[in-house]
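I set out to record how the strands and helices of this chain are arranged. The entries below follow the order in which I looked things up.

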Amino acid sequence: MIKIFYGENRLEAEKAVKRALGKDYEVYEGESLQVADLPSIFQGTSLFGEGERKILLKDLTENSAVWEKIGDYLDTEHEVIVWEMKIDKRSAGYKRLKEAGAEMMEFPERKRPEMNLVFNILDTALVDGKKAVAMVEKIELTQDPYMFFGLMVTQMLKKFESSRSGGKERRIIKEMAKVDIEMKSSSIEPWMLIKGLLLQISVIR
């Protein structure tokens, strides 16, 4: 099985690689490979002679001779991920992989969220958490979750400062502080934490 991961968001791509391959896997750099190396990579056994191998191939597109031959090994019994920063979709290698139905996953660079977008989602969460979550799900693949959360906290602090009693706002800020710690220390995906917070916000009184 060969999967192609590509895109400028290297952090998210790296996380996906680790989820797919685990901790122990072989790594090969594209620039150091030759076409003659490919049979041993895709068809060879592990050092112990048996079992599925887990392999990461990096920056193969910089080695055009190797890149164009990857399509010959789509039926490999090993779990292989090809990780690229950018892919020329006009290249023969890409077209061949695409036509053969190779699994491809793009990791685009995340954008800085617009303040109005964050403001609208936060305001929605105050009355309807599920609707706010649905709004987030439409933008989460293109937005940076840490920037989004930071802007949401900023907006909530402004609401607290302008409120008269500030009871509800104070409680929401306390929940945000907990999420902030989790985002820095937990292995849970940041967007999952944000969605959970949005659901909480709607029921805080």
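**Entry 1: pairing and the sheet**

I began with the term on which the strand entries rest: two strands pair if DSSP finds at least two bridges between them. I note that the model is a predicted one.

I looked up the bridge partner of Leu-57 in strand 4 and found Val-82. I then turned to Tyr-28, whose bridge partner in strand 3 is Leu-57. Leu-57 thus appears in both look-ups, with Tyr-28 as one partner and Val-82 as another.

Next I checked the strand pairs themselves. Strand 2 and strand 3, the latter at residues 54-58, pair in the parallel sense over four bridges. Strand 3 and strand 4 also run parallel and are joined by five bridges. Strand 1 runs parallel to strand 4, again with five bridges, and there I recorded Glu-84 of strand 4 as the bridge partner of Tyr-6.

I then assembled the sheet. It is open and consists of five strands in the order 2-3-4-1-5, with parallel pairing. Strand 2 (26-29) and strand 5 (103-106) are the edge strands, each pairing on one side only. On average, neighbouring strands of this sheet are turned by 20° against each other, direction ignored.

**Entry 2: the cover of the sheet**

I looked for a helix lying on the sheet and found helix 1 (residues 10-21), which touches strand 1 (2-6), strand 3 and strand 4 (79-84). The direction of helix 1 makes about 175° with that of strand 4.

Is strand 4 buried or exposed? I found that six of its six residues are buried, and I recorded the strand as mostly covered. Both faces are covered: Glu-79, Ile-81 and Trp-83 lie on one side, and Val-80, Val-82 and Glu-84 on the other. I note that Val-82 is the partner of Leu-57 and that Glu-84 is the partner of Tyr-6.

**Entry 3: the loop after strand 3**

I followed the chain into the loop between strand 3 and helix 3 (64-67), where Asp-59 is found. Phi of Asp-59 is near 55°, a positive value in a residue other than glycine. I set this beside the general expectation that most residues other than glycine have a negative phi.

Asn-63 is found in the loop between strand 3 and helix 3 as well. Its relative accessible area is 14%, so I entered Asn-63 as buried, the cut-off being under 20%. Not counting residues up to four places away in sequence, Asn-63 touches Gly-30, Glu-31 and Leu-33. I also took the C-alpha to C-alpha separation of Asn-63 and Leu-157: they are 51 Å apart in space and 94 residues apart in sequence.

**Entry 4: helix 5 with helix 7**

I turned to the helix pairs. Helix 5 (residues 115-125) and helix 7 (residues 145-162) pack at an angle of about 65°, and their axes are 9 Å apart. The crossing of helix 5 past helix 7 is right-handed. Helix 5 contributes Met-115, Val-118, Phe-119, Ile-121, Leu-122 and Asp-123, while helix 7 contributes Phe-148, Leu-151, Met-152, Gln-155, Met-156 and Lys-159. By class, I recorded nine nonpolar, one polar and two charged residues in this contact.

**Entry 5: helix 9 and its partners**

Which helices did I find packed with helix 9? One is helix 6 (residues 129-137), whose axis comes within 8 Å of that of helix 9 (residues 190-201) and crosses it at roughly 155°. Because of this angle, helix 6 counts as roughly antiparallel to helix 9. Helix 6 passes helix 9 in a right-handed crossing. In this contact Gly-129, Lys-130, Ala-132, Val-133, Val-136 and Glu-137 of helix 6 meet Trp-191, Lys-195, Leu-198 and Leu-199 of helix 9. I classed these residues as six nonpolar, one polar and three charged.

Helix 8 (residues 167-185) also packs with helix 9, at an angle of about 165° and with axes 10 Å apart. I therefore entered helix 8 as roughly antiparallel to helix 9. The crossing of helix 8 and helix 9 is right-handed. From helix 8 I listed Lys-168, Ile-172, Glu-175, Met-176, Val-179, Glu-182 and Met-183, and from helix 9 Pro-190, Leu-193, Ile-194, Leu-197, Gln-200 and Ile-201. These divide into nine nonpolar, one polar and three charged residues.

Notes: Residues are numbered from 1 along each chain as its sequence is written. This is a predicted model: local features need pLDDT of at least 70, side-chain atom pairs count only at pLDDT 80 or more; totals for chains, interfaces and linings use all residues. Side-chain values use heavy atoms; hydrogens and water are left out. Helices (H or I, at least four residues) and strands (E, at least two) are DSSP runs, numbered from the N terminus. Axes are lines fitted to C-alpha atoms, for helices over the stretch in contact, and angles run from 0 to 180 degrees between N-to-C directions. Contact means heavy atoms within 4.5 Å. A crossing is left-handed if the near helix is turned anticlockwise from the far one by less than a right angle, and right-handed if clockwise. Ala, Val, Leu, Ile, Met, Phe, Trp, Tyr, Cys and Pro count as nonpolar, Asp, Glu, Lys and Arg as charged, and the others, Gly among them, as polar. Buried means under 20% relative accessible area, exposed over 50%, partly exposed in between (1.4 Å probe, protein chains only). Angles under 35 degrees count as roughly parallel, over 145 as roughly antiparallel, 65 to 115 as roughly perpendicular and the rest as oblique.
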